[in-house]
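Colleague: I should be grateful for a close look at the salt bridges of this chain, and at how the parts that carry them are placed in the fold. Please take the account from there to the rest of the chain.

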Amino acid sequence: MNKYFSDYLPPALVRDLRSSLRTRGYLAMLTVFLLVAVWLQYDSTLAWPVLGEHVYPLSLIPLLVLWFIIPSRAGNSVSEDAKAKGSNFMMLTPLTSREIVWGTWVSAVFQQLVVAGVGALIVWWRAGTLPEPFAHHLWVCYGVLVGGGAVMSAVFLFMSQLSRFMRMLLGVSVVLVSWQVVLSLVEMAMVVRDFDPMANFLSLFEGESLYVILADTVLVIVLLLEFARRSYAAPAENCSRSVRVLALLVPASVPLLYSYLSESVGEGQLWFAACYSIMACMSDALLPTYSLVAHDKRAWPLVPAYLQVPGVGQAALFLLPVLGLLAWLFCRYTSVADKSLPDVYQVLLWVQMAYTLLITLLVTDLLCKRDSVNRPVVYALSAAPLSLLSVTVHFMVPASLRMYVSAALPFSYPMLLEDYALSQYTRSVPNSEMFEVEPIWQVVISAVALVLTLLLLMWRGRRG
């Protein structure tokens with residue numbers, strides 16, 4: 001890169017581009033995939049193709065390059081810096097952690113656009129051999145693929161705080177799942193008459209839905225890069241406040257979409273808000289961060305400082321109002337809840353969800369150090385034994401106490417619903433032994449267990 005031209009670009013972007021150009025294995029891999037794609041397309045134009053059908057491998061190549069290879073290289077770069085607690089380049093420049101992460105992400109997106117521009121020539125070659133509707137679909141899908149690459153770059157930067165094995169495993173899983181979805185749609189189109197998966201897929205990218213999806217995509221990228229800041233942030237830098245603001249921003253948009261757009265768009269946004277906000281809160285609690293008393297000095301006024309600063313107890317406490325907001329939105333705007341159940345069971349659902357998330361977080365905090373890169377993995381692995389423990393205890397205790405003991409255990413909401421259905425059935429059978437259920441006491445017991453778990457997390461997250 002020209003040294004004079006680079007003076008006008010962000011330093012982190014220049015550094016990452018130069019690092020990419022000096023990585024011979026990375027450049028060789030991109031070159032090999034490009035040559036394979038050219039050969040497959042050329043072979044498909046022959047009267048007697050050597051390799052036969054080329055749709056699947058031609059679709060897999062851009063998926064691997066744009067969604068895995070380029071993002072993985074960017075994530076590995078950040079991971080190496082995080083291991084060293086900052087490189088010499090960072091220590092000698094006044095760049096903030098946000099500038100470094102965004103510069104690295106822009107570098108990865110720029111490389112994707114360069115590769116996508118070369119790939120567009122192959123797509124143009126391919127589209128010239130297809131009828132007009134299929135050629136249009138091909139271009140739109142390619143554009144969505146390139147846009148997804150920008151999101152995957154943010155995902156790999158977010159995962160740079162995990163171990164290399166977990167980054168590779170999660171990245172390959174995303175590619176395989178995406179590839180399987182493509183194969184399933186293609187196979188269904190071949191079997192079911194008049195089935196047009198492309199038309200259904202493209203309908204999401206038209207009209208008002210398009211703008212909502214684009215806005216949500218931007219918010220996802222911003223959230224992931226805010227988490228990636230932790231790889232470079234100084235100990236006194238608060239990396240949790242912006243994440244918590246973003247966690248509230250998406251749920252706050254749901255009433256606006258229901259009021260000014262369609263109900264279907266609003267309901268889709270509500271489900272997205274639930275996944276987005278819970279992921280933000282749990283990542284804030286699990287990813288390594290510093291929790292210092294100095295953070296309180298930079299807190300915003302009128303808002304309790306405890307809700308703004310990093311820490312496992314602070315993140316656990318912040319999760320409760322987020323879940324309360326989501327619970328109100330679901331009850332207010334959707335009919336997803338089973339109306340045959342008492343309202344108290346709707347409350348029990350959210351209390352049990354909060355209790356399950358926090359008790360698993362407490363177990364993880366007991367097993368892992370606060371700065372361990374394996375905390376998210378341990379959290380996921382802890383869910384299975386906790387669930388098994390709840391099922392075992394549920395069937396071991398006497399029937400008269402089962403509903404109340406299970407309410408104090410995580411992962412027990414499905415079993416509580418099953419016992420409630422059984423109690424309703426015994427009421428309708430003459431001469432049967434009645435199995436009385438008091439749902440309000442289940443809510444009380446679960447709430448007490450939730451509060452105790454929260455207090456333990458806040459005690460463990462105390463700062464010296």
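Modeller: In this predicted model, the count of salt bridges comes to eight. One of them joins Arg-230 and Asp-284, whose closest N and O atoms are 2.4 Å apart. Arg-230 belongs to the loop between α9 (207-228) and α10, while Asp-284 sits in helix α11 (residues 263-286), so this pair ties together parts that are 54 residues apart in sequence. Both residues, Arg-230 and Asp-284, are buried.

Asp-284 also takes part in a salt bridge with Arg-244, where the N to O distance is 2.9 Å. Since Arg-244 lies in helix α10 and Asp-284 in helix α11, this pair ties together parts that are 40 residues apart in sequence. Helix α10 covers residues 241-260. The relative accessible area of Arg-244 is 4%, under the 20% limit, and therefore Arg-244 is buried. Asp-284 is likewise assigned as buried, because its relative accessible area of 3% is under 20%.

The surroundings of Arg-244 can be listed in more detail. Leaving aside neighbours within four places in sequence, Arg-244 is in contact with Asp-284 and also with Tyr-306, Leu-307, Gln-308, Val-309, Pro-310, Gly-311, Gln-314, Ala-315 and Phe-318.

A further salt bridge is formed by Asp-365 and Arg-375, with 3.1 Å between the closest N and O atoms. Asp-365 is part of helix α13 (residues 343-367) and Arg-375 is part of helix α14 (residues 375-396), so the pair ties together parts that are ten residues apart in sequence. Asp-365 and Arg-375 are both buried. In addition, Arg-98, Glu-226, Arg-229 and Glu-237 are joined into one network by salt bridges that share partners.

Helices α11 and α14, which have both appeared above, also pack against each other. Two packed helices are described by the angle between their axes and the distance between the axes. For α11 and α14 the angle is about 115° and the axes are 9 Å apart. Their crossing is right-handed. On the α11 side the contact is made by Met-282, Ala-285 and Leu-286, and on the α14 side by Arg-375, Pro-376 and Tyr-379. Arg-375 thus has a part in this helix contact as well as in the salt bridge with Asp-365.

The chain as a whole has 17 helices and zero strands. Of its 464 residues, 45% are buried. Among contacts between residues at least 6 apart in sequence, 74% join residues at least 24 apart. Val-175 offers an example of a pair distant in sequence: its C-alpha atom is separated by 7.0 Å from that of Leu-63, 112 residues away along the chain. Val-175 is found in helix α7 (residues 164-191), and at 4% relative accessibility it counts as buried. Not counting residues up to four places away in sequence, Val-175 touches Leu-63, Leu-64, Trp-67 and Phe-68.

Turning to the surface, the accessible area of the chain comes to about 24200 Å², and 71% of this belongs to carbon and sulfur atoms. A nonpolar surface patch is formed by Leu-34, Val-38, Trp-39, Tyr-42, Leu-46, Val-118, Trp-124, Trp-125 and Trp-139, which together have about 840 Å² of accessible area. Helices α2 (24-44) and α5 (97-127) are the elements that give two or more residues to the patch. The largest share, four residues, comes from α2. Trp-124, one of the patch residues, is found in helix α5. Its relative accessibility is 60%, over the 50% limit, and Trp-124 therefore counts as exposed.

Two loop residues deserve a remark on their backbone. Most residues other than glycine have a negative phi. Leu-302, however, has a positive phi near 70°. This residue is found in the loop between α11 and α12 (312-333), and Leu-302 is exposed, with a relative accessible area of 91%. Phe-411 also has a positive phi, of about 60°, although it is not a glycine. Phe-411 lies in the loop between α15 (399-407) and α16 (413-428). Its relative accessibility of 27% falls between the 20% and 50% limits, and Phe-411 therefore counts as partly exposed.

Key:
Residues numbered from 1 in each chain as written. Predicted model: local features only at pLDDT ≥ 70, side-chain atom pairs only at ≥ 80, totals over all residues. Heavy atoms only, no water. Buried < 20%, exposed > 50% of the residue type's maximum accessible area, 1.4 Å probe, protein only. Contact = heavy atoms within 4.5 Å. Patch = residues over 30% accessible without salt bridge, like charges linked within 9 Å, V, L, I, M, F, W, Y side chains within 5 Å. Areas by Shrake-Rupley, 256 points an atom, 1.4 Å probe, with all protein chains shown as cover. Salt bridge = Lys/Arg side-chain N within 4 Å of Asp/Glu carboxyl O. Axes fitted to C-alpha atoms, helices over the stretch in contact; angles between N-to-C directions. Left-handed = near helix turned anticlockwise from the far one by under 90°.
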